[in-house]
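Subject: Structure for your files

Hello,

The structure we discussed is below. My notes on what was found in it follow.

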Amino acid sequence: MSKLPSDLQNQFRSHFELSREVVYLNAAYMGPLPLRAAKAGIAAIEKRSHQCWQTASTDFFDPSEDLRAEVAKLWSARADNIALVPSVSYGVETAAKNIQFSEGDEILIPAEDFPSNVYPWMEVAKKTGAKLITVPRPENYNWAQAMIEAMSERTKLVSAPVCDWSDGTYFDLAQIVKACRARRAALIVDVSQSFGAVPFDVTKIDPDFVVSVGYKWQLGPYGLAYLYVANRWLNGTPLENNWITRAGSEDFSRLVEYKDAYQQGARRFDGGERTQFHLTPMALGALQLLSEVSVPQIHSHVQTLTETLHSGLRDLRFEIAPREASCGHMIGARHERLANMATLAARLKTKNVFVSARGSALRISPHLYNDAEDVARFLTVLEGELRGWVGER
Ligand SMILES: Cc1ncc(COP(=O)(O)O)c(C=O)c1O
């Protein structure tokens with residue numbers, strides 16, 4: 001059973017409209033919108049439908065600033081270091097555009113990373129002659145050791161997440177960044193699969209760039225993502241030349257007085273139409289909920305659930321990374337007799353149990369709205385599915 005008092009669990013769940021018919025353990029795929037985020041989105045659409053003339057020029061700026069500040073607060077960063085972008089790939093591409101690579105420079109990425117963290121570096125390698133090095137998944141689950149051992153004097157860029165997106169195993173970024181600094185290599189961190197459920201503090205790591213989606217553990221809409229840019233890159237070149245990121249864009253009557261100067265800090269890296277009138281209030285509502293509940297509290301809640309999952313899955317003969325090698329918020333469970341996890345995930349879905357198959361792992365990712373009842377039902381349904389089925393294959 002969860003260690004949290006049940007009224008607190010209910011308090012978390014009451015922020016969502018989640019039917020008890022469904023066991024949703026798939027935050028790593030997509031988070032459900034909290035009620036307040038859905039309401040904020042509907043209110044924004046209604047305003048646009050019925051009263052679009054009420055949209056003031058300040059509305060192009062103020063909600064985006066609120067969102068920027070909320071992301072900054074959750075990462076212990078300054079709002080000036082946060083850019084609002086449409087996707088992780090956009091953020092990674094921004095980093096790729098600003099790091100000067102020469103032939104023979106090395107770019108280090110972990111094996112089987114999410115494609116948005118891979119394709120941009122494949123392109124850089126093609127264009128510049130830099131070498132893309134993929135670090136194999138370490139059998140001892142020690143990603144930091146594996147990444148550091150793969151570094152050389154030519155390492156120019158290291159891309160590492162907080163956790164492996166398929167099974168939640170942990171990357172010790174403090175160790176990785178130390179090795180990066182020793183070689184003057186830049187570090188880009190994708191926190192998409194941890195931001196919202198695992199505390200993250202840029203002041204402790206001092207990465208060069210951080211990227212995240214907003215629609216998974218962050219519980220926000222699809223289409224708004226976040227990019228942190230360290231002070232040392234703030235004079236860089238944005239991907240686009242859009243009007244709102246230029247100095248003085250607040251004054252709509254003087255937009256044709258074209259300027260070379262940008263808005264302050266990382267705002268120059270914002271994507272075009274970053275204001276996203278309907279999405280921004282939703283994203284803000286979702287992140288405010290995370291702040292109110294607090295990410296450390298969410299982390300300890302989901303850790304309690306994954307501990308039960310851990311022992312239940314082990315009893316069912318799944319192979320799982322040891323707890324100390326994991327971020328504690330999600331599990332990637334492999335089974336020597338089950339090669340096709342997609343089929344298993346599809347069968348669970350027919351029983352209203354939602355998890356993902358990623359590579360050879362069944363990925364189970366609980367969030368603040370889940371509780372001991374969800375975990376117990378998942379394990380029962382899984383056991384039922386496995387009975388007879390494992391033996392057949
Ligand atoms: C680790 C990680 N990064 C990024 C993304 C999404 O990237 P993008 O915003 O480029 O679609 C995902 C989606 O599953 C992901 O798991």
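Two strands are taken to pair if DSSP finds at least two bridges between them. Please keep in mind that this is a predicted model.

On that basis, seven strands form an open sheet with mixed pairing, in the order E2-E8-E7-E6-E5-E3-E4. Its edge strands are E2 (82-85) and E4 (131-135), each of which pairs on one side only. Ignoring direction, neighbouring strands in this sheet are turned against each other by 20 degrees on average.

Strand E7 (residues 209-212) deserves a few lines of its own. On one side, E7 runs parallel to strand E6 (residues 186-190), and three bridges join the two. Within that pairing, Ile188 has Phe209 of E7 as its bridge partner. E7 is also joined to strand E8 (residues 225-229), here by four bridges and in the antiparallel sense. Phe209 appears in this pairing too, standing opposite Val229 in E8.

In a regular strand the side chains alternate between the two faces of the sheet. Which residues of E7 lie on each side, and are they buried or exposed? Phe209 and Val211 are on one side, Val210 and Ser212 are on the other, and all of them are buried, which leaves both faces of E7 covered. Helix H4 (residues 88-98) lies across E2, E6, E7 and E8, and runs at about 165 degrees to E7.

Next, the ligand. The residues surrounding the ligand are Ser87, Val88, Ser89, Phe114, Ser116, Pro161, Trp165, Asp190, Ser192, Gln193, Val213 and Ala225. Sorted by class, this shell has six nonpolar residues, five polar ones and one charged one.

Two single residues were looked at as well. Trp121 is placed in helix H5 (residues 119-128). Why does Trp121 count as buried? The cut-off is 20 or more other C-beta atoms within 10 Å, and Trp121 counts as buried because it has 24 such neighbours inside that distance. Apart from neighbours within four places in sequence, the contacts of Trp121 are Ala96, Ile107, Ile109, Leu132 and Ser159. As a longer-range reference, Gly236 is 115 residues from Trp121 in sequence, and their C-alpha atoms are 18 Å apart in space.

Ser326 is found in the loop between helix H10 (295-315) and strand E9 (331-333). Ser326 has 22 C-beta neighbours inside 10 Å and therefore counts as buried. Residues up to four places away in sequence aside, Ser326 touches Gly168, Thr169, Tyr170 and Ala321. Its C-alpha atom is separated by 18 Å from that of Ser356, 30 residues away along the chain.

On to helix packing. Two packed helices are described by the angle between their axes and the distance between the axes. For helix H6 (residues 143-150) and helix H7 (residues 173-182), the axes come within 9 Å and cross at roughly 10 degrees. Angles under 35 degrees count as roughly parallel, so H6 is roughly parallel to H7. H6 contributes Ala144, Met147 and Ile148 to the contact, and H7 contributes Gln175, Ile176 and Ala179. Of the residues in this contact of H6 with H7, five are nonpolar, one is polar and none is charged.

Finally, there is an open sheet of three strands, with the order E9-E12-E11 and antiparallel pairing. E9 and strand E11 (356-358) are at its edges and have a single partner strand each, so one side of each is left without a neighbour in the sheet. The average turn between neighbouring strands of this sheet, direction ignored, is 35 degrees. Three bridges hold the antiparallel pairing of E9 with strand E12 (residues 361-364), and Ile331 stands opposite Ile364 in E12. H10 packs on this sheet, where it touches E9 and E12, and its direction makes about 10 degrees with that of E9. Helix H11 (residues 341-349) lies across E11 and E12, and runs at about 175 degrees to E11.

Regards

Note on methods
Residues are numbered from 1 along each chain as its sequence is written. This is a predicted model: local features need pLDDT of at least 70, side-chain atom pairs count only at pLDDT 80 or more; totals for chains, interfaces and linings use all residues. A residue is buried if 20 or more other C-beta atoms lie within 10 Å of its own, exposed if 12 or fewer, and partly exposed in between; C-beta atoms are placed from the backbone. Two residues are in contact if their C-beta atoms, placed from the backbone, lie within 7 Å. Axes are lines fitted to C-alpha atoms, for helices over the stretch in contact, and angles run from 0 to 180 degrees between N-to-C directions. A residue is near a molecule or strand if its C-beta atom, placed from the backbone, lies within 6 Å of it. Ala, Val, Leu, Ile, Met, Phe, Trp, Tyr, Cys and Pro count as nonpolar, Asp, Glu, Lys and Arg as charged, and the others, Gly among them, as polar. Angles under 35 degrees count as roughly parallel, over 145 as roughly antiparallel, 65 to 115 as roughly perpendicular and the rest as oblique.
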